[in-house]
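The exercises below are meant to be worked through with the coordinates open beside the text. Each one sets a task and is followed by a solution in steps.

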Amino acid sequence: MYREGAEQGLSPGLKRKWWTERKKEIFSGYLYISPFFILFAIFGLFPMLFSFYLAFQKWNGLGTFKYAGLSNLRFVLEDPLFWKSIYNTILFGILGTLPQIIVAIPLAILLNAAWLKLKGFFRMAIFMPYVTSVAAVAIVFSVIFSEQSSGIMNVVLSYIGLEPVSWKTTEWGVKVAISTMVFWRWVGYNTIIFLAGLQRIPPDLYEAATIDGARPIQQLWHITLPLLKPVIVFVTFLSTIGAWQLFVEPLIFYHRISGVREEAMTVVLYLWKEAFVNSAYGTASATAVLLFIIIAIFSILNLIFSKNIGRVN
Amino acid sequence: MKKKRWLVLFFILILPVTMIACSNSKAPSNADSGSSDGKIELTFWTFGTTGYEKLIPEYEKQHPNIKIKMQNGEFNDHHNKLFTAISAGSGAPDLAMIEVGFIEKYRDAQDRFYNLYDFGAGDLKSKYLEWKWSIGESADRKFLFGLPTDIGPTVMYYRTDIFEKAGLPVDPKEVAEKIKTWDDYTAAAKQVKEKTGKPMTDNVELIYNARRDQAPEAYFDRQDQLIIEKSPYAKKAYDYTVQLIKEGVVGDLNLWTPEWNGSMKTGGYATLLAPSWMNANIKGNAPNAKDKWAIAPMPEGAGNWGGSYIAIPKESKHAKEAYEFAKWLVSPENQLKSFKDAGLFPSAPELYSNPEFNDYKDEYFYNDHITPVFAEAAKKVKVVYTGKNFQLVQGEIIRALQNVQKKKADPESEWKAAIDRIKTQLARQ
């Protein structure tokens, strides 16, 4: 029906049987969205597929590809440093994320409190670290967590009678320093998400609870936290998946890739080092494939988890 | 109305296409016959401060048919861009400046460059330091990647105030007499530690590198086989560093960190075993420390750190012209100009006896005439083949040394662990 009507409206010169108005509509629709897909295909999809291909080749970046079968994957899986990097990444994820949630919820509740003045200012202030350049943050933190006993953090420790810590070479020193950096940068971001979650809770619930004689602590425990649960899950998974991509912080913490020690090696750093320091693009791509699988598993878990949460509520 | 919509759509689509087309049309003109007025245009990629932009107009005046388009970039950006272009086989310039460490990356890719020996570069060989020239060659020495530009001979920078406090001589000549061997260096280090409480050197890396670079061989032979277990030299450098760590005279200021930069000003350590170009870093980090830093030769010889080559990627359509320009640019007389202009230390030894070069004065340092010290060092550098995996090996050894220093780990087992790590990484290339 539509098609016939549309064709009748056309001038006879333009009329072609296959080039109908409907096709034109469809075509122009695709044209409108094509810039993204063209650019994505060139700069996103192609490199992605290519790195899958490369994962099964031996290549130093300049010579010819040599088919290597599964040997790249085997090299990576047999490398203790790869497993160390997985362990580190998970630990950075936990150490950077858990304290964030513990701190961000009270902060969000505080920012949401009715009595608080200058709300806009505080909300912006808490969000500032997120918009600060990561490189600048990492440089500042590398100075704070200096190896020297005269470094800022070590001086602070000496005030409370503790021994200076080698923040860049000891297992836990590195973990604490880099997690602190992650924490500082992301806590404000997550606070804002929690704040949005808090504001979605209908105020009449609190009013009803107040009328029933519930104290603020009880309200927090029985209304706020249960209703915030989906947001907590969302933030946790976003942070843990984000943690897999930890890269700039440890890199700049050591100022150069050759300086990054195994205590701070994350999966992405491992990948990067394979490619651009060791010129082993095959094993680097194999690492990328493994990272892809890991993140895919996490995302699927995330999906299942958050669906269940939705059902409960 | 409909027409207008189509028109808008048309422009939206056409715009990126023409933009891509425009940027593309530039690329071939680099390699192709050049600009419309019949001139040959050569693109030249450089990094850092070279002073070449002042030399180019001179060359263009002498050769009216040549136009040189120089593009300067930051060290890492420049080398990444070049590697990508050469890897892709498209977009490389006619001439590229390549730092010595990056030359190694291209060893497997001879076919991407012109062999400069084909242009008669063999005749120039005698004009340049032998060790410098040989790094620009392939392992079998039949292929020449690039013509030598500057070098970075290593010396011993020392703090006069700390040496004075430690009861060591301050005058560079006396220092050279006093610290002639590495044993002398150890003795001086203990004295500095005892009298001032300061470490002798900034970190494990530079002291290890200093000993490493004095050896006649590095980690690989010319067949790129790992010789680190057979060859005694790397282990010797390692053992010496361990000895100094045990004496407690090695600092823990990691290279290029803000603390490391800052300590140049405050005098956090007594000596800095570093190349000629480090003098600019010292001046930059400690602008008010005039006469606090002096320069003496390193004990028992010297090494090289840094310096570049000019190579001609195979994509160039004007390799002959590019070669002529490169030859002119790195000629001794022009090396003198880029030294005076940008501090590029010359690799042509005939300049080391040139009065104009030796009279160069730098008031900042305790000994104003610094060029003879660097020149002496340059002559002492040995011909060493490093190989494409040099950095990989180096990184693991430094890691082992840091573990010895920071974690009080056993040096022997750390050495063995480092070699194991090196071998597993080499297996995957």
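**Exercise 1.** In this predicted model, identify the residues that touch the most other members of the largest nonpolar core, and establish which parts of chain B contribute to that core.

*Solution.* Begin with the core itself, which comprises 115 residues, and in which B:Leu95, B:Val155, B:Tyr157, B:Ile310 and B:Ala326 touch the most other members. Next, ask which helix gives the most to this core: the helix is H17(B), with seven residues. Then compare the core with the domain assignment of chain B, where domain 1 (22-151 + 307-356) and domain 2 (152-304 + 371-426) each supply at least three of its residues. Finally, take B:Leu95 as a worked case: leaving aside residues up to four places away in sequence, B:Leu95 touches B:Leu42, B:Phe44, B:Ile310, B:Ile312, B:Ala322, B:Phe325 and B:Ala326. A second core, separate from this one, has 51 residues, among them A:Ala108, A:Trp167, A:Ala243 and A:Ile252.

**Exercise 2.** Describe the side of chain B that touches chain A, by number of residues, by helix and by residue class.

*Solution.* Start with the count: 28 residues of chain B are in contact with 27 residues of chain A. On the chain B side, at least two residues come from each of helix H1 (2-31), helix H3 (75-88), helix H11 (258-266), helix H17 (390-407) and helix H18 (411-426). Of these contributions, the largest share belongs to H17(B), with seven residues. Sorting the chain B side by class then gives 10 nonpolar, nine polar and nine charged residues.

**Exercise 3.** Relate the domains of chain A to its annotated transmembrane regions, and decide how helical two of those regions are.

*Solution.* First, set out the domain assignment, which gives domain 1 (2-54) and domain 2 (72-312) in chain A, with their C-alpha centres 42 Å apart. Second, turn to the unreviewed UniProt entry, which places the feature "transmembrane region" at residues 30-56, 90-115, 127-145, 176-198, 227-247 and 280-305 of chain A. Third, examine residues 90-115 of chain A, which are 88% helix and 0% strand, the end C-alpha atoms lying 39 Å apart. Residues 280-305 of chain A, examined likewise, are 96% helix and 0% strand, with 38 Å between the end C-alpha atoms.

**Exercise 4.** Determine which residues of helix H12 (residues 267-276) of chain A are buried.

*Solution.* Apply the cut-off for burial, namely 20 or more other C-beta atoms within 10 Å of a residue's own. Eight of the 10 residues of H12(A) are buried, and the helix is thus mostly covered. The buried residues are A:Val267, A:Val268, A:Leu269, A:Tyr270, A:Leu271, A:Lys273, A:Glu274 and A:Ala275.

Methods:
Residues numbered from 1 in each chain as written. Chains lettered and ligands numbered in written order. Predicted model: local features only at pLDDT ≥ 70, side-chain atom pairs only at ≥ 80, totals over all residues. Buried ≥ 20, exposed ≤ 12 C-beta atoms within 10 Å, placed from the backbone. Helix = DSSP H or I, 4+ residues; strand = E, 2+ residues; numbered from the N terminus. Contact = placed C-beta atoms within 7 Å. Nonpolar A, V, L, I, M, F, W, Y, C, P; charged D, E, K, R; others polar. Domains from an automatic or database assignment. Core = buried A, V, L, I, M, F, W, Y, C linked by C-beta atoms within 7 Å. UniProt positions renumbered as here; feature names shortened; annotations may be inferred.
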